[in-house]
Amino acid sequence: YIIITEDTYVDDMIGGGETEEECDEQIYQVNHVLQAGGFTTKYTIKSGQTDTDDTLRVLGYKWTVAKDLISPGFTELNFNSKKRGAKAPNPFPIQKPGDVSLLLSSKDISRRMIVSKMAEFWDPCGFWEPYKLQLKLDSQVLNGKEWDTPVSPDLQDYWISRFQEFLEIPRLTMTRYIFPKDVKVEAIRLLCISDAAEFAGGCAIYAGVELPDGSFSCKLVASKSHLMSNSVPRNELEGVRISAGLALDVKSSIGNRVKEVIFVTDSSIALSWCHNTKKRLRLYCLNRVMEIRRLIEAAVGQTDNIPLYHIDGKINPADYITKPSNLKPADLIEESEWISGFPWMSLPTKAMPLTSFSDLQLSATQNQLINAECFPEVTLPSEKIALLNDSPHFEPDFTHCSGCIANRGNFTLENCYG
């Protein structure tokens, strides 16, 4: 009955199992419960079913049943307004870039048209997040403009070229089952990788299982990106926070088969903030470090040394969701580094090029940036130290700063940060 209570979204019920018998038992139980309430299922479909060529819509994706492939739910490029839940058809099929130019030759592109088309690229799992991020970054210049006022001529030309790329979106596909079919899935490893830059950041979660040769499979499970506006170190820390939250969601969805969760960032500064709990962080970083540690511990269990490591930025797949690029939908095929990961991500954990916090070497500039988000350690000059045991201002239970403790003095509250 877990499928009804936990695996139902609106009117879609999605379950699965290791064997045909397990799936059949799930279907029987769901039908039995629904019939008890006077309900029936409209139909039941199983992946790989060869007696159908249907392409179904599930959670906003298109699911090709026989080949067990998923693709974006985006269909034909159509700029007509919806009336009674449906759009009027285009005057001619939109199949080539020239068709897009011809269709838009009689229209003035507005902010509303752009944002509505971006929203139609529905990808809740983030399989094709890098391209969505490019659209979000491009649309930032539209902020503050009227929704139905035509954009400038140069932006008209730019978005026509973008809309031509939308023809590639329906051709994107990804195998629904992310593990090798000839390997029994007993212990899953999650790689939770984050990155950020000046204007954006996010994370990507990859899952894998050990193969007979000792290596691991690797496939993208989920990703998420946010537009950002803080300093790069703060954005990197926010990327780690997003990664920790999404990792907990993925682990909760997969269940107890997740045996190892590894968090990776290419920011030495964010890594230092998260690991060095003795630093007196300012409020922005403190709140995020507390949340990161709480989420990571919820995903991996209580630990003093959280599994957060450093990786070289040149081999960080999350770099795809941090900055503007010339990336096109066709670059996000299933064999790409974005979906299938870099070669190091298929190595055994101990062989990965990861650096722990204890082995991290920081430059003077990095230390300066780390300390910029920390309260200074207070040390009082000896000539200002006064022993005021009998002072009415002194409270024995008050916790003094490290400077007071080091000098073994009892000071008035005005002379101590606490």
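This section describes a pocket, a surface patch and several salt bridges in a predicted model.

The second largest pocket has a volume of about 360 Å³. It is lined by 14 residues, and those closest to its centre are Asn80, Ser81, Lys87, Ser116 and Lys117. Helix α4, which spans residues 111–120, supplies five residues, the largest share of the lining. By residue class, the lining of this pocket consists of seven charged, five polar and two nonpolar residues.

Lys117, one of the residues closest to the centre of the pocket, also takes part in a salt bridge. Its side chain meets that of Glu120 at 2.8 Å, N to O. Both residues belong to helix α4 and are three residues apart, about one turn of the helix. The two partners fall into separate accessibility classes: Lys117 has a relative accessible area of 2% and is therefore buried, the cut-off being under 20%, whereas Glu120, at 28%, is partly exposed.

In total, the structure holds 19 salt bridges. One of them joins the side chains of Arg176 and Asp68, with an N to O distance of 2.7 Å. This pair links distant parts of the chain, with the two positions 108 residues apart in numbering: Arg176 is in the loop between β8 and β9, and Asp68 is in the loop between β4 (61–64) and β5 (69–72). Asp68 counts as buried because its relative accessibility is 8%, while Arg176 is partly exposed at 37%. A further salt bridge connects Lys136 and Glu129, whose side chains meet at 3.6 Å, N to O. Glu129 counts as buried, with a relative accessibility of 4%. Elsewhere, Glu238, Arg241, Arg288, Glu291 and Arg294 are joined into one network by salt bridges that share partners.

The loop between β8 (174–175) and β9 (188–196) also contains Asp182. With a relative accessible area of 72%, Asp182 is exposed, because this value is over 50%. The C-alpha atoms of Asp182 and Leu211 are 9.5 Å apart in space, and the two residues are 29 residues apart in sequence.

On the surface, a nonpolar patch is formed by Tyr9, Val10, Ile14, Leu59 and Trp122, which together have about 520 Å² of accessible area. Within this patch, Ile14 lies in the loop between β2 (12–13) and α2 (20–36). Ile14 counts as partly exposed, since its relative accessibility is 38%.

Notes. Residues are numbered from 1 along each chain as its sequence is written. This is a predicted model: local features need pLDDT of at least 70, side-chain atom pairs count only at pLDDT 80 or more; totals for chains, interfaces and linings use all residues. Side-chain values use heavy atoms; hydrogens and water are left out. On a 1 Å grid over the protein atoms alone, a cavity is a set of points where a 1.4 Å probe fits but cannot get out, and a pocket is an open set with protein on both sides within 12 Å along at least five of seven lines; lining residues have an atom within 4 Å of a point. Grid points are joined across faces, edges and corners, and a volume is the space filled by probe spheres set on the points. Helices (H or I, at least four residues) and strands (E, at least two) are DSSP runs, numbered from the N terminus. Ala, Val, Leu, Ile, Met, Phe, Trp, Tyr, Cys and Pro count as nonpolar, Asp, Glu, Lys and Arg as charged, and the others, Gly among them, as polar. Patches are made of residues with over 30% relative accessible area and no salt bridge: like charges are joined within 9 Å, nonpolar side chains (Val, Leu, Ile, Met, Phe, Trp, Tyr) within 5 Å. Accessible areas come from the Shrake-Rupley method with a 1.4 Å probe; for residues, only the protein chains shown count as cover. A salt bridge is a side-chain nitrogen of Lys or Arg within 4 Å of a carboxyl oxygen of Asp or Glu. Buried means under 20% relative accessible area, exposed over 50%, partly exposed in between (1.4 Å probe, protein chains only).
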